[in-house]
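I opened this model to go through its pockets, salt bridges and surface. My notes follow in the order I looked things up.

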Amino acid sequence: MRFFRPSTGGQFAQYSRGFASMEVKQYMQQLGQQARAASRVLAAADSGAKNRALLAIAEAVDAARQTIADANKKDLQAGEAAGLDAALLDRLALTPARIEGVIEGLQQVAALPDPVGAISDMNYRPSGIQVGKMRVPLGVVGIIYESRPNVTAEAASLCLKSGNAAILRGGSEAIHSNQALAACIRQGLAVAGLPETAVQVLETTDRAAVGELITMPEYVDVIVPRGGKGLIERISRDAQVTVIKHLDGICHVYIDDAADADKARAIALNAKAQRFGTCNTMETLLVAESRAEELLPGIAEDLQAAGVELRGCPRTRQVLMGAVEASEEDWATEYLAPILSVKVVAGIDEAMDHIAQYSSGHTESIVTENYTLARRFLREVDSSSVMINASTRFADGFEYGLGAEIGISTDKIHARGPVGLEGLTSQKWVVFGNGHVRS
């Protein structure tokens, strides 16, 4: 087992491996107990205290730019030595611009409305009592993520603002970066008079800690995994705590018979090529048969210029001679790469049937000028985000006005789609009476 703590020399000391399983269990139990106690303090904290903490954390990150950069350099060097690919190293890097983004993100969350304590749907009942709902924190949120150390600050800020204590487990490849950010978070919480244990970043890279975290329902109320499919499948299978998750981002764009040609071409290019490695990137393009001959060549030209390989159905390959034959597996694949599946369909019904069979429930978009069909698509397609004449790349917490997001949920209960502050809260019923008794 490996524990890392800052030493006086600024390095991270490695603890011994003795009694690994018991030591990890005790460590995680301690974190859970501390988080549960801190969650009660945070639930009672007012918006001013939480905002002071967020702004103080931003100031601490600002002051520690070089320290954070130095810690990140160690992670990058270790990652290169371990053979991490370029994409993983890019996600791991905390460039000056990304550190600036962390600071701005903290400030933006501080400026967002606080959902906690908001009362809605108040109404009088025949008995004379008033009944409504109040937004309340979930309690303790455990977040498990890989590679991107800026998630440490994002997750901490959202949990803090929504009144939740957080236990954060970043990837082992980012241990130094995460601990440098954790020091800033503790400093900001102390400045605001909030418990430093309100946000705890695991100091061990031992994978056994994840197993403990997801099986502590007495201390943890919800788990949010952010990472690859293997990680999320494992968490979903083994967790004894509620999980907010999505496994895949198999997103579709359907170009309808009544699509505007210019909109279709721009949306198809942006949905696929704006970024390849995100969960809201289009992985399958569906095109109505009546428009295939007209639209597919131009769309293909744009995509191929962006380096995208096209894999098509037989009809697609008749129109696009350079397309590779698509297999059954392609329709169910989240590529996260410059590869796109293309299928020509008879119309909206076949498009929606295809989406129902292969979609992961993340994001789907229709390109059409037919209002009736657009409304049908919105109503009948069962995904967490459904769009009309817009790129799937907009399925994002920031773009939806949430300020930031803890992740994207394709679950249907509680939170769905980008999970921001409101998604990290629940509701309880509140009743106002004046000596009322039930007859």
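**Ground rule.** I call a residue buried under 20% relative accessible area, exposed over 50%, and partly exposed in between. The model is predicted.

**Entry: arginine 265 and its partner.** I started with arginine 265. Its relative accessible area is 34%, so by the cut-offs above arginine 265 is partly exposed. I then looked for a partner. The side chain of arginine 265 meets that of aspartate 302 in a salt bridge, 2.6 Å from N to O. Arginine 265 sits in helix α10 and aspartate 302 in helix α11 (residues 289–305), so the bridge ties together parts 37 residues apart in sequence.

**Entry: other salt bridges.** How many salt bridges does a search of the whole structure find? I got 27. I picked out a few.

- Glutamate 154 pairs with arginine 226, with the closest N and O atoms 4.0 Å apart. This pair links distant parts of the chain: glutamate 154 is in helix α6, arginine 226 in strand β8 (residues 222–226), and 72 residues separate them.
- I checked the cover on both ends. Glutamate 154 is partly exposed at 25%, whereas arginine 226 is buried at 17%.
- Aspartate 238 and arginine 237 also form a salt bridge, at 3.1 Å from N to O. Here aspartate 238 is partly exposed, at 32% relative accessible area. Arginine 237 is exposed, at 59%.
- I also found a network of salt bridges, which links Asp349, Arg376, Arg379 and Glu380.

**Entry: the second largest pocket.** I turned to open space next. The second largest pocket holds about 360 Å³. Its lining has 17 residues, and those closest to the centre are Glu146, Arg169, Gly171, Arg207 and Leu231. Which elements give two or more residues to this lining? They are β5 (140–145) and α9 (229–238). I noted that α9 gives the most, with three residues. By type, I sorted the lining into five nonpolar, five polar and seven charged residues.

**Entry: the cavity.** I then searched for enclosed space. The count came to one cavity of 30 Å³ or more. About 60 Å³ of space lies in the largest cavity. I listed its lining: Arg169, Gly170, Gly171, Ser172, Ile175, Asn178, Gln179, Val201, Leu202, Thr204 and Thr205. Which helix gives the most to this lining? It is α7 (residues 175–191), with three residues. The lining divides into three nonpolar, seven polar and one charged. I marked Arg169 and Gly171 on my list, since I had met both: they line the cavity and are among the residues closest to the centre of the second largest pocket.

**Entry: positive phi.** I looked at two residues that have a positive phi although they are not glycines.

- Serine 147 has a phi of about 65°. I placed serine 147 in the loop between β5 and α6 (150–161). Is serine 147 buried or exposed? Its relative accessible area is 6%, so serine 147 is buried.
- Leucine 336 has a phi of about 50°. It is found in the loop between α13 (328–331) and β14 (339–345). At 40% relative accessibility, leucine 336 is partly exposed.

**Entry: aspartate 257.** I found aspartate 257 in the loop between β10 (251–255) and α10 (261–273). Aspartate 257 is partly exposed, at 33%. I checked its spacing to valine 367. The two are 110 residues apart in sequence, yet their C-alpha atoms are 8.9 Å apart in space.

**Entry: a nonpolar patch.** I finished at the surface. Which residues make the nonpolar surface patch of about 250 Å²? Ile119, Met122 and Phe432 make it. I looked up phenylalanine 432 further. It lies in strand β19 (residues 425–432). Its relative accessible area is 42%, so phenylalanine 432 counts as partly exposed. A patch residue needs over 30% relative accessible area, and the 42% of phenylalanine 432 fits that cut-off.

Conventions:
Residues are numbered from 1 along each chain as its sequence is written. This is a predicted model: local features need pLDDT of at least 70, side-chain atom pairs count only at pLDDT 80 or more; totals for chains, interfaces and linings use all residues. Side-chain values use heavy atoms; hydrogens and water are left out. Patches are made of residues with over 30% relative accessible area and no salt bridge: like charges are joined within 9 Å, nonpolar side chains (Val, Leu, Ile, Met, Phe, Trp, Tyr) within 5 Å. Accessible areas come from the Shrake-Rupley method with a 1.4 Å probe; for residues, only the protein chains shown count as cover. Helices (H or I, at least four residues) and strands (E, at least two) are DSSP runs, numbered from the N terminus. Buried means under 20% relative accessible area, exposed over 50%, partly exposed in between (1.4 Å probe, protein chains only). On a 1 Å grid over the protein atoms alone, a cavity is a set of points where a 1.4 Å probe fits but cannot get out, and a pocket is an open set with protein on both sides within 12 Å along at least five of seven lines; lining residues have an atom within 4 Å of a point. Grid points are joined across faces, edges and corners, and a volume is the space filled by probe spheres set on the points. Ala, Val, Leu, Ile, Met, Phe, Trp, Tyr, Cys and Pro count as nonpolar, Asp, Glu, Lys and Arg as charged, and the others, Gly among them, as polar.
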